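I set out these notebook entries to record what I looked up, one topic at a time. The order runs from a helix pair to the whole chain and then to single residues.

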Amino acid sequence: MTTASIKDQLTYPVRFLDGVSDARHIIGMGRSLGRSDEEIHKGLELRKVRWAYYALALGRHEIHDSGETLFIPRTVQRPDYEFEIALLLDRATKAGWTEEEAEDFLQEYGRVTILNDLSCRCLQAEDNLLGLGPARSKSILGKVLGPRFLPYAEFAKRNSHIVLRVNGEVRLEAQACTDSTLWTFPKISSYLSQQPLILEAGTLIGSGTFGGGSIAETSGKYPWLADGNTVDVVEMEVEGIGVLKNRFTRKSEEDG
């Protein structure tokens with residue numbers, strides 16, 4: 001599957017669901033190397049709470065392919081990447097699923113790809129203070145998907161190796177931990193169906209950010225994306241899917 005075909009496999013507007021930012025450790029599908037036993041235990045305790053999510057309706061212009069250069073408006077402060085996996089549903093879900101029934105469904109009707117869930121941290125901080133949630137901050141820059149879709153059945157049997165590189169520097173290297181994470185895609189799908197929330201074919205569900213998979217999670221270690229006049233190259237690699245690679249830069253003053 002070519003990079004350019006990712007957009008063509010989606011039905012617009014795309015219904016997109018992902019976990020709220022404050023719950024990233026609850027729904028994240030992986031954990032980065034180097035985390036202490038105390039941090040891992042705390043994360044597992046947090047994952048016992050309910051899965052919280054937000055929803056967006058995305059147009060074609062809000063979906064970006066691997067290989068694209070993305071221009072960040074100068075009005076956007078603290079832009080950030082988020083390394084995730086996205087699940088595409090090829091058929092509508094049903095109400096009342098168990099986790100096992102959701103797993104069987106996804107084995108036949110689910111596909112996954114790499115997701116860069118771009119965020120405007122300036123807006124996110126403001127809206128969180130007002131109790132508005134993350135939806136506005138998650139819609140400004142759109143979503144990057146690619147380089148191809150992989151059947152969920154193939155992805156689920158792996159413990160895929162993942163790597164995040166920015167300008168050639170490795171910022172995260174881990175295993176996806178799909179066989180041991182509490183909030184897997186089947187668990188998320190089952191939880192939503194119990195509400196009941198029926199999802200139409202073509203819905204995209206984000207996994208939540210891999211631990212350490214965003215600038216915000218590194219406590220000021222790295223500058224924000226395309227800070228100043230820099231051009232940043234972000235590569236998100238997942239074994240079995242490939243590499244999602246994009247350049248990020250600021251729009252010139254002439255462009256706005």
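**Entry 1: a helix pair**

I began with the handedness of a helix crossing and noted that α3 passes α7 in a right-handed crossing. I then looked up which residues make the contact. On the α3 side they are Glu99, Ala102, Glu103 and Leu106; α7 contributes Phe185, Pro186, Lys187, Ser189 and Ser190. Sorted by class, I recorded 4 nonpolar, 2 polar and 3 charged residues in this contact of α3 with α7. For the geometry, I noted that the axes of α3 (residues 99–109) and α7 (residues 185–193) come within 8 Å. The crossing angle of the two axes is roughly 115 degrees.

**Entry 2: confidence**

I kept in mind that this is a predicted model. I looked up the confidence and found an average pLDDT of 83 for the protein, with 78% of the residues scoring at least 70. I marked residues 21–34 separately, as their pLDDT is below 50. In the model this stretch nevertheless has 51 contacts beyond near neighbours in sequence.

**Entry 3: the whole chain**

I counted the secondary structure next: the protein has 7 helices and 15 strands. Of its 256 residues, 52% are buried. I also looked up how far along the sequence the contacts reach. Among contacts with a separation of 6 or more, 79% join residues 24 or more positions apart. For the surface, I recorded that the protein exposes about 11500 Å², and that carbon and sulfur atoms supply 50% of this area.

**Entry 4: Ser193**

I returned to helix α7, where Ser193 has its place. Is Ser193 buried or exposed? I entered Ser193 as buried, because its relative accessibility is 1% and the cut-off for buried is under 20%. I then listed its contacts, leaving out residues up to four places away in sequence: Ser193 touches Lys94, Ala95, Gly96 and Trp97.

**Entry 5: Glu154**

My last residue was Glu154, which lies in helix α6 (residues 152–156). Its relative accessible area is 35%, so I entered Glu154 as partly exposed; that class covers values between the 20% limit for buried and the 50% limit for exposed. I also looked up a distance from this residue. The C-alpha atoms of Glu154 and Gln107 are separated by 8.4 Å, while the two residues are 47 residues apart along the chain. I noted as well that Gln107 falls within the range of helix α3, residues 99–109.

Terms used
Residues are numbered from 1 along each chain as its sequence is written. This is a predicted model: local features need pLDDT of at least 70, side-chain atom pairs count only at pLDDT 80 or more; totals for chains, interfaces and linings use all residues. Side-chain values use heavy atoms; hydrogens and water are left out. Axes are lines fitted to C-alpha atoms, for helices over the stretch in contact, and angles run from 0 to 180 degrees between N-to-C directions. Helices (H or I, at least four residues) and strands (E, at least two) are DSSP runs, numbered from the N terminus. A crossing is left-handed if the near helix is turned anticlockwise from the far one by less than a right angle, and right-handed if clockwise. Contact means heavy atoms within 4.5 Å. Ala, Val, Leu, Ile, Met, Phe, Trp, Tyr, Cys and Pro count as nonpolar, Asp, Glu, Lys and Arg as charged, and the others, Gly among them, as polar. pLDDT is the predictor's confidence in each residue, from 0 to 100. Buried means under 20% relative accessible area, exposed over 50%, partly exposed in between (1.4 Å probe, protein chains only). Accessible areas come from the Shrake-Rupley method with a 1.4 Å probe; for residues, only the protein chains shown count as cover.
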